[in-house]
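These are my notebook entries on a single structure. I set down what I looked up, in the order in which I looked.

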Amino acid sequence: MFENEVRIALGTNNQAKRAAVVVATGIEPICHAVPSGVSDQPMTEDETILGAITRAKNVLTAEPEADFGLGLEGGLTYDSIHTQQWYLFSVCAAWDGNQLYVGKGLYFPIPKGIGEKLMLGGTELRHIIDELSSTVGSNHKEGAYGLFTEGRITRSDVFRDAVIAALTPFQSTFYK
């Protein structure tokens, strides 16, 4: 948690991501939807990180009174070396106008059939999860993590950890 009053701008209106920032920082962010500059469903680690960085920089430009811009992006990556498995993960980029740090959340294996369906294009993970869970807007709630773990891990949980990781260098004296 920050010692002084800090203003955080978050580059989305997504409620799971907003909740992650609140839990990680104790601060209600200024939410402002900004473009990520990447596809709606990032399919590589690099694309996901780039999307988070772009959101962090865009939201700080859109909300210049904020001390930090945060970009949160969920994506998928394929491990072709060790497991031949698709993984879902979350990234937070924190930008203060001078320094940039990236934190990553849990890498979570997803069913191979879902990864293969996403590779074909034309859909996003959120649509598949909505269909499997018979809900709408799962990406604003517990998401794929919540569905697969029966609520033991949620989308907000993994983004919380990424937010903490990205903001730690701004808070800890060990980075000074």
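Entry 1, fold. Before reading the order of elements I fixed the terms: helices are DSSP runs of H or I with at least four residues, strands are runs of E with at least two, and both are numbered from the N terminus. I also noted that this is a predicted model. On those terms I read the pattern β-α-β-α-β-β-β-β-α-α-α-α along the sequence of the protein chain. I counted six helices and six strands. I then looked up the radius of gyration, which is 16 Å; the globule rule gives 16 Å for 176 residues, so the chain is as compact as a globular protein of that length. Along its principal axes the C-alpha trace spans about 45 × 35 × 30 Å.

Entry 2, whole-chain totals. I recorded that 49% of the 176 residues count as buried. The accessible surface comes to about 8,700 Å², and carbon and sulfur atoms hold 52% of that area. For contacts with a separation of 6 or more, I noted that 53% join residues 24 or more positions apart. I also looked up the charges: the chain carries 14 positive and 21 negative side chains, and the centres of the two sets lie 1 Å apart.

Entry 3, cysteines. How many disulfides does the structure hold? I found zero. The sulfur of C31 has its closest cysteine sulfur in C92, at 13 Å, which is too far for a bond; the cut-off for a disulfide is 2.5 Å. C92 is likewise in no disulfide. I then asked whether each of the two is buried or exposed. C31 has 26% relative accessibility and therefore counts as partly exposed, whereas C92, at 0%, counts as buried.

Entry 4, T12. I located T12 in the loop between strand 1 (8–10) and helix 1 (15–25). Its relative accessible area is 11%, so T12 is buried. Leaving aside residues up to four places away in sequence, I listed the contacts of T12 as K17, C31, H32 and A33. C31 in that list is the partly exposed cysteine of the previous entry.

Entry 5, I53. I placed I53 in helix 2 (residues 45–62). At 19% relative accessibility I53 counts as buried, because the cut-off for that class is under 20%. Beyond residues up to four places away in sequence, I53 touches A93, L100 and V102. I also looked up the pair I53 and G69: they are 16 residues apart in sequence, and their C-alpha atoms are 9.3 Å apart.

Entry 6, helix 4 and the loop after it. Which residues of helix 4 (residues 125–133) are buried? I found L125, I128, I129 and D130. The buried residues of helix 4 pack against strand 4 (85–95), helix 3 (112–119) and helix 5 (143–149). S134 follows helix 4 and has a positive phi, near 50°.

I went on to V136, which lies in the loop between helix 4 and helix 5. V136 counts as exposed because its relative accessibility is 68%. Its contacts, not counting residues up to four places away in sequence, are D130 and K141; D130 is one of the buried residues of helix 4. Lastly I looked up V136 and E47, which are 89 residues apart in sequence and 26 Å apart in space, C-alpha to C-alpha.

Note on methods. Residues are numbered from 1 along each chain as its sequence is written. This is a predicted model: local features need pLDDT of at least 70, side-chain atom pairs count only at pLDDT 80 or more; totals for chains, interfaces and linings use all residues. Side-chain values use heavy atoms; hydrogens and water are left out. The radius of gyration is taken over C-alpha atoms; the globule rule is 2.2 Å times the number of residues to the power 0.38. Buried means under 20% relative accessible area, exposed over 50%, partly exposed in between (1.4 Å probe, protein chains only). Contact means heavy atoms within 4.5 Å. Accessible areas come from the Shrake-Rupley method with a 1.4 Å probe; for residues, only the protein chains shown count as cover. Lys and Arg count as positive and Asp and Glu as negative; His and the chain ends are not counted. The place of a charge is taken as NZ of Lys, CZ of Arg, CG of Asp or CD of Glu.
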